[in-house]
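Student: I've got a structure open and a pile of labels that I don't quite trust yet. Can we go through what earns each one?

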Amino acid sequence: MAGRAQAAPRGTGIAALFCAALALLVPFLSPSRAAAGPGGVGAQSCGPQPAGLSPEGPAPSRFTILIRINQQANVDTYSNFDSATGGLGGYVRRQDIFVINTRFETTTPSVATTLANNLAAAFPCNRIIALNGMSLNPLAPGYALSLFDHPSVFALMTDFEPSDWNGGRSTDPGRPPWNQKYKVALPRIKAWNARLAGTLASNPLSAAKRSGLVPLDDASWNYGEVAQNLDKKNRRLGGRHLGPLSVQTQDSCANSGPTGLSNRAKQILDTYKYRFVRKVVKRKGKKRKITVRRKLKPAGRPSLSNMSLQISFSDTPNPNAGMAITKTSAATAAACARAGLKRGGGAFFFFASHDSMRLLFQQPQIASLRPPTS
């Protein structure tokens, strides 16, 4: 996250604190704490997963759900394959990804490990992402390296917004206050990406894991540029385009419905294809600056399959509420997902409770894409 000071976070300070935090955790780690999964012993029998968050191809086949996990009750619901008793396991497909939100108030690193173990046992072939905050306290919710050691977790993604950035400042003396200006934020994003990726690469328990980002949505930010940087930080894993990114687009859906989400998706996806350049032109004897877009070379384009759009909603929406998650209905969320899919999206991070997700699966626009198997 960014701050008002103009200097980027001191790299040596963050790296040293990351390493110190890892050192505190390592004595408590043992193979028995983590079940085998896509990144572990049982991976060979599961078959390959998409290179990105979602498969490439036509809209129905690339539709991928990122499922929020806050607590054990969520795990229990998805692990239940009996829809008659409220289970949602029948809606989960192999490409779907469970996202353990370690920022949840009770999800300490030890709780997160239990959630990952239980998910890996119930879904040994599905991938798991740790959605972490920016705290360097290894015992607190939102720890930046939570689940770094778990063999079933294939990526650590940092929630990059004011609350996480500022909330972790007390554990990182070199971090300035948040600043949302893109010219200030981008160097800080790059610095954070570098230190997170470098810390993962330096430890054998995490060397094969991807590092990603979950930034807030700001129309002035270039998410294709952020994705390019993530790709660079993940090239050690053997691919040019492996950096996962999930943009917090939920307000576009909440405020303007499927049209708003569709328009915002196009704007973000365009930054994956084009470079935007300011240039001076002379027209009718007067000079003025305009923005032109130039196609990125194919090798330099981030993969659209590695980007997810976010949609938040509730099973008991209040249209007058201020937050997207409380004012958006499941019907609106379903329409937004179809609009984003039509626009070119593939992965959708539904930030919602399991009760809300149950209602989402009942919406015709989602039911046709994801019929239950039980």
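Student: Let's start with Arg103: why does it count as partly exposed?

Tutor: Keep in mind that this is a predicted model. Arg103 has 25% relative accessibility. Buried needs under 20% and exposed needs over 50%, so Arg103 falls in between and counts as partly exposed.

Student: Asp159 forms a salt bridge with Arg103, so what makes that pair a salt bridge?

Tutor: Their closest N and O atoms are 3.4 Å apart. The cut-off is 4 Å, so the pair qualifies. The two sit in distant parts of the chain, with Asp159 in strand β4 and Arg103 in the loop between β2 and α4, 56 residues apart.

Student: And Asp159, is that one buried or exposed?

Tutor: Buried: its relative accessible area is 3%, and the limit is under 20%. Asp159 and Arg103 also belong to a network of salt bridges with Glu161 and Asp164.

Student: How many salt bridges are there by this rule?

Tutor: Eight. One of them joins Arg370 and Asp96, with the closest N and O atoms 2.5 Å apart. Arg370 lies in the segment after α12 and Asp96 in the loop between α3 and β2, so this pair ties together parts that are 274 residues apart in sequence. Both Arg370 and Asp96 are buried.

Student: What about Asp355 and Arg358, how do you know how they are placed in their helix?

Tutor: They are three residues apart in helix α11, so about one helical turn separates them. They form a salt bridge too, with the closest N and O atoms 2.8 Å apart. Asp355 is partly exposed at 38% relative accessibility, and Arg358 is partly exposed at 24%.

Student: Now rings. Why is the aromatic pair of Tyr78 and Phe98 called edge-to-face?

Tutor: Check two values. The centres are 6.1 Å apart, and the limit for a pair is 6.5 Å. The planes are at 75°; over 60 degrees counts as edge-to-face, so the name fits. Tyr78 lies in helix α3 and Phe98 in strand β2, so the pair ties together parts 20 residues apart in sequence.

Student: What makes Tyr78 count as buried?

Tutor: Its relative accessibility is 2%, and buried means under 20%, so the label holds. Phe98 is buried as well, at 0%.

Student: Which residues form one aromatic cluster?

Tutor: Phe160, Trp165, Trp178, Tyr182, Trp221 and Tyr223. The count of aromatic pairs comes to 13.

Student: How do you know that Arg175 lies over the face of Trp165?

Tutor: Arg175 is 5.2 Å from the ring centre, and the distance limit is 6 Å. The rule has an angle part too, within 35 degrees of the ring normal. Arg127 gets a similar description: its charged end sits over the ring of Phe154, 4.9 Å from the centre.

Student: Last one: what is in the largest nonpolar core?

Tutor: It has 70 residues, and those with the most contacts inside it are Leu245, Phe350 and Met357. Helix α6 gives the largest share, seven residues. A second, separate core of 13 residues includes Leu53, Ala347, Phe349 and Phe351. In soluble globular proteins, nonpolar side chains tend to be buried together. Over the whole chain, 55% of the 374 residues count as buried.

How values were computed
Residues are numbered from 1 along each chain as its sequence is written. This is a predicted model: local features need pLDDT of at least 70, side-chain atom pairs count only at pLDDT 80 or more; totals for chains, interfaces and linings use all residues. Side-chain values use heavy atoms; hydrogens and water are left out. A nonpolar core is a set of buried Ala, Val, Leu, Ile, Met, Phe, Trp, Tyr and Cys residues joined through side-chain atoms within 4.5 Å. Buried means under 20% relative accessible area, exposed over 50%, partly exposed in between (1.4 Å probe, protein chains only). Helices (H or I, at least four residues) and strands (E, at least two) are DSSP runs, numbered from the N terminus. Rings of Phe, Tyr and Trp (its six-membered ring) pair if their centres lie within 6.5 Å; planes under 30 degrees apart count as stacked, over 60 as edge-to-face and the rest as tilted. A salt bridge is a side-chain nitrogen of Lys or Arg within 4 Å of a carboxyl oxygen of Asp or Glu.
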